[in-house]
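I opened a fresh notebook page for this one. Let me pull up the sequence and the structure before I write anything down.

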Amino acid sequence: VRKLLSIVFKGAAAVVSARTYADFTNEATFEIKKCDTFKLDEGPATQVVMTRDEGLQYYRTMQTMRRMELKADQLYKQKIIRGFCHLYDGQEACAVGIEAAINLSDHLITAYRAHGYTYTRGGTVKKIMAELTGRRGGIAKGKGGSMHMYCKHFYGGNGIVGAQVPLGAGVALACKYQGNSELCVCLYGDGAANQGQIFETYNMAALWKLPVIFICENNGYGMGTSVERAAASTDYFKRGEFIPGVRVDGMDVLCVREASRFAADYCRSGKGPILMELQTYRYHGHSMSDPGVSYRTREEIQEVRSKSDPISMLKDRMLSNNMASVEELKEIDVEVRKEIEDAAQFATTDPEPPLEDLCNHIFHNNPPLEVRGTNPWSKLKSVS
Amino acid sequence: IQAQFNVTVRDALNQAMDEELERDERVFLLGEEVAQYDGAYKVSRGLWKKYGDKRIIDTPISEMGFAGIAVGAAMAGLRPICEFMTFNFSMQAIDQVINSAAKTCYMSAGLQAVPIVFRGPNGASAGVAAQHSQCFAAWYAHCPGLKVVSPWNSEDAKGLLKSSIRDDNPVVFLENELLYGVPFEMSEEAQSKDFTIPIGKAKVERAGSHITLVSHSRYVGHCLDAAAVLAKEGIECEVINLRTIRPMDVESIEASVMKTNHLVTVEGGWPQFGVGAEICARIMEGSAFNYLDSPVTRVTGVDIPMPYAKILEDHSLPQIKDIIFSVKKTLNV
């Protein structure tokens, strides 16, 4: 064993476990928190199975998201990232749990706290970071920035609070129209939950039985306004009135996964929309311009970190059930750190978009057109 | 000999939608009263009966919601026609038109297209007063990422709506309620299922040598009427029908001005920051400026909210006599 351990710590190239796979428990059953339900006879299961492979994958994904966001924090403070930057650290279990319950052929849309979802939907850390730094290698070629990242079956990244909700229902309408059994996961925050267009959308989604899962990521604060100061009813999972709802522990990736599976089954059976409230927490302020401590205490933040951190919870579960070793998880941490470093290196050295790209992509599938520059003699070219 | 038929603008729009619904199963229509009521202005008459609930969808009164749903459907591969009962109600949904539809192709660097048409009656009607009479041509034409189309006659309506539906980008299609019932001659060519008119190209409706009149929608007709009166006095007007507001066919206007040396713009919308104002700026910046023998004249709606009483309403919008007066002033005759 000692010899094997020394190989692990010397050579990072080969993934070698300190113990053989046969030493680990391949799967275990976990007791998870029961979800409050609304207009439902039964809710998600409270006993769930997680395999070792699943656990390792969730751990790696959440750790990647966490480190990616922390690196973005660093780059923002160095003024290499500018403008808006809304970080997701603390909420990782939501994105990972949801994705574990749906397929890449399903659809997802969210608001501006979108880096995590861009990653789980298939964007690479490299392209996400290069978009944040506004480089040509960014996922939107530097044209979109933090709030406007897109990839297949992921419709951003949307800057206008609440506007993404009707969009998500529209994607679901397209799924139903095309008869493809796909669904759309449509996310919004506790702040957005009071937007009128969301209630218009609830009405049409229920009326037309659209295959949409509405998910309210309730992190307790809409910018600097706590939920108690913004909403007459903070039971966000009930706000759909005639749409069934589930309230979920958003810090537990297995809770999120189980509830999302439950919701996806409901949707795919043709019953129409369903609403999930994920109770979660963001460690950072609303954005990088918000220190996040004027409307909540440092003690509160620290308490969540020590008692409910999604990555720590998963790690404890895996270790105490003999599903992985400390070294193995540390190894993943090392790999993740390297991936983030490489991505940051790319994101800080890749050149900015060429000026020739300024006017491109206004239209899709369009002949080239001339665009007026800042003065009448400046005639710029735009291609699709 | 070309067989000519008289077709109302309403029927021309109906034909365009019918043909495009048949041609491409991704096309669908949604809006208030479009299905079972046959359309608030009967533009979609018969379509629900023919195509059913899946393709012709009645919505609740939720402009922001259903416009967003339409944009989302376009993002996911369908080709929606989103009807606003009038464009006045589009203000409820304008964020979805601009921020979700118009800007997305650019923000995504071409990854996410939004093939959608927003259509409905625009501008003044008759006696519907201030909140129901605004012209939105200038508002929408201000924004990159949108195409803004404003047909006048039946051929325009049919050909341009078909092109708009086939375009892979967001198009704001401004109709006019007062024109719906007006019959126009439609050529045999225009009756073909493949008849389209390109977006972004103006049409010279009447050739002339003394002065250029540029207009869009209903006022093209007013310009032609004014031109007929002026011709009796020996003044020959060239009348240009813009057809598209954005992208504007400035070249056609310039070519005409270089011939006539005088320009009058005519629109129903308010003067400040309007379509005529844009034409003035573009002419000044371009090659035609040096051919002008007098400054450009704008004929516009009066700079007030629309009143109700008929005599007041009539005096809030350009009349033929206003166009004739402005032409003579511009020509200094």
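Below are my notes on chain B first, then on the nonpolar cores.

**Chain B, the overall build**

I kept in mind that this is a predicted model. I went through the secondary structure of chain B and found twelve helices and 14 strands. Then I looked up how compact chain B is: its radius of gyration is 20 Å, close to the 20 Å from the globule rule for 333 residues, so chain B is as compact as a globular protein of that length. Along its principal axes, the C-alpha trace spans about 60 × 45 × 45 Å.

**Chain B, inside and outside**

How much of chain B is buried? I got 60% of the 333 residues. Next I checked contacts with a separation of 6 or more, and 81% of those in chain B link residues 24 or more positions apart. For the outside, I noted an accessible surface of about 12900 Å², with 54% of it belonging to carbon and sulfur atoms. I also tallied charges: chain B has 31 positive and 41 negative side chains, and the centres of the two sets lie 1 Å apart.

**The cores**

I remembered that nonpolar side chains tend to be buried together in soluble globular proteins. Here the largest nonpolar core has 79 residues, and Tyr188(A), Phe214(A) and Phe118(B) have the most contacts inside it. I picked Phe214(A) and listed its neighbours, leaving out residues up to four places away in sequence; among them are Val165(A), Cys186(A), Tyr188(A), Ile243(A) and Met276(A). Apart from the largest core lies another one of 70 residues, including Val185(A), Met318(A) and Ala347(A).

Conventions. Residues numbered from 1 in each chain as written. Chains lettered and ligands numbered in written order. Predicted model: local features only at pLDDT ≥ 70, side-chain atom pairs only at ≥ 80, totals over all residues. Heavy atoms only, no water. Core = buried A, V, L, I, M, F, W, Y, C linked by side-chain atoms within 4.5 Å. Buried < 20%, exposed > 50% of the residue type's maximum accessible area, 1.4 Å probe, protein only. Contact = heavy atoms within 4.5 Å. Helix = DSSP H or I, 4+ residues; strand = E, 2+ residues; numbered from the N terminus. Rg over C-alpha atoms; globule rule 2.2 N^0.38 Å. Areas by Shrake-Rupley, 256 points an atom, 1.4 Å probe, with all protein chains shown as cover. Lys, Arg positive; Asp, Glu negative; His and termini not counted. Charge placed at Lys NZ, Arg CZ, Asp CG, Glu CD.
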